[in-house]
Amino acid sequence: MAAGLVGGLPGGAVHAADAASAASAAERAVQPQPVPTYRAAEGARTIEGKLTTAEAPLLDAGAVYSDTIAPGERFYRLNLDDRSSVYVSAVVQPPPEAKVGYSDGIEVEIITTEGRRCQSNSGRADFGYDPVPLSAVAVRRLEEDAECQGQGTYFAKVTRTAAKDSDQRPWPVELRLQREPGLGTGSAPTTAPSVWPSASPALPGTDPVARTGGTGFNDARALDSGVWRDDLRPGQTRYYRVPLDWGQQLGLSAEISAARMTKQYGSASNGLSVSLYSPYRGLVDSKDTSYDGKQAGVTLPKTAPVAYENRFSDATEVRGARLAGWYYVAVTLGGKVAEFTEDATPVPLTVRVQVSGSPAKAPAYKESLSAAGFGVGADERAAAKGGLTAPEADAAAENHSAMRIVAGAGFGTGTLLLLVLGGWILLARRGGETA
């Protein structure tokens, strides 16, 4: 072979080909993957809301439903009792590329069979620039001598609004009816608490621990007090959950570090936003700030202590802290950030959490609050300590239950299992010797 030839090609050509191949591989390596979409609830029931109440399908308390909704109205039937408060939530999930505007959003109402809207029960959520998941909740609050307190048939009306130049396609929507049992006779507070002064919390400054947030309410990553490390890409929302017991308060902040810039200057007016949701998926508080590719952060005011009587407050952020349970945190990096940063390179995110206050005595409910999906107990605290999502916590509980069954089967069964296992090991060793 002639000198300077490799595989029939001049040495310089080979180097050039290698360089081109490496450049192509590097280009492929930095191509951004799609932002993960909202994870639906496991076992969600498929349902189809109707344009009128005449054929509206029934929503059962405690179940999660999956539907789609185009701009307009959809109706669902509710069979309510006269001894509990109820919460109907709708989480709309636009595609990542959907065009949305400030006049777009979703609203949920509870109405009677006569067509009257139950007083002060509706909830609405509106978009900004970004097509992120939005949650709106309608509430039937149990209180004496108020409207919509009787047992019977009601309807949930879900309305999606969209401007003419916004995305008109049907979007997935997740529906959930949650029931909060009433309190015992004479034990229910009827007045709002005194005004709680909002203040910036004292947040921890310990070394961060890595915990990857989820895509929505169903796979939100559990957090307890501490400093937590994650990453965000433009247009992405990470979800976390924190257990708050009666009497406890939550302090919260989110910070993003400097990004890799593709332009000398750039800015997104709502580059970083943080939203706090209640155990029934209602918005408690939210805040955003601009981001220009440099360090930025958002700190929410400390929540009011969780208390039953908070539901009678005129302040939304106090009214939302009415139940013990999982509180959800959504952190979004604005999609416009991609216009001046490397979309393929996530921006470091730090979340600081401080749960303060000792758990107080729970109100005297007539029925189990945990059975309704609320409250904080040993399982919730263990999940927060371990950083488990709800599916992971369920799987851990199933494994623990299976181990208890095996352990409870008795010494004889345990001995038999050990003998079988020993036989397998012996066979494996013999197989290795003869191979």
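Student: What is the accessible surface of the protein, and what share belongs to carbon and sulfur atoms?

Tutor: Accessible areas come from the Shrake-Rupley method with a 1.4 Å probe. In this predicted model, the surface comes to about 21,900 Å², and carbon and sulfur atoms hold 53% of that surface. Local features need pLDDT of at least 70, side-chain atom pairs count only at pLDDT 80 or more, and totals for chains, interfaces and linings use all residues. Residues are numbered from 1 along each chain as its sequence is written, and side-chain values use heavy atoms, with hydrogens and water left out.

Student: How many helices and strands are there in the protein?

Tutor: Both are DSSP runs numbered from the N terminus: helices are H or I with at least four residues, strands are E with at least two. The protein has five helices and 21 strands.

Student: Which strands form an open sheet of five with mixed pairing?

Tutor: Two strands pair if DSSP finds at least two bridges between them. One such sheet has the order 3-4-11-6-9. Strand 3 (45-46) and strand 9 (134-140) each have a single partner strand, so one side of each lacks a neighbour in the sheet. Strand 6 (residues 84-92) runs antiparallel to strand 9, joined by seven bridges; valine 91 has serine 135 in strand 9 as its bridge partner.

Student: Which strands stand at the edges in the order 12-14-21-16-19?

Tutor: That order also describes an open sheet of five strands with mixed pairing. Its edges are strand 12 (209-210) and strand 19 (296-300). Strand 14 (residues 226-232) pairs with strand 21 (residues 347-356) in the antiparallel sense over seven bridges.
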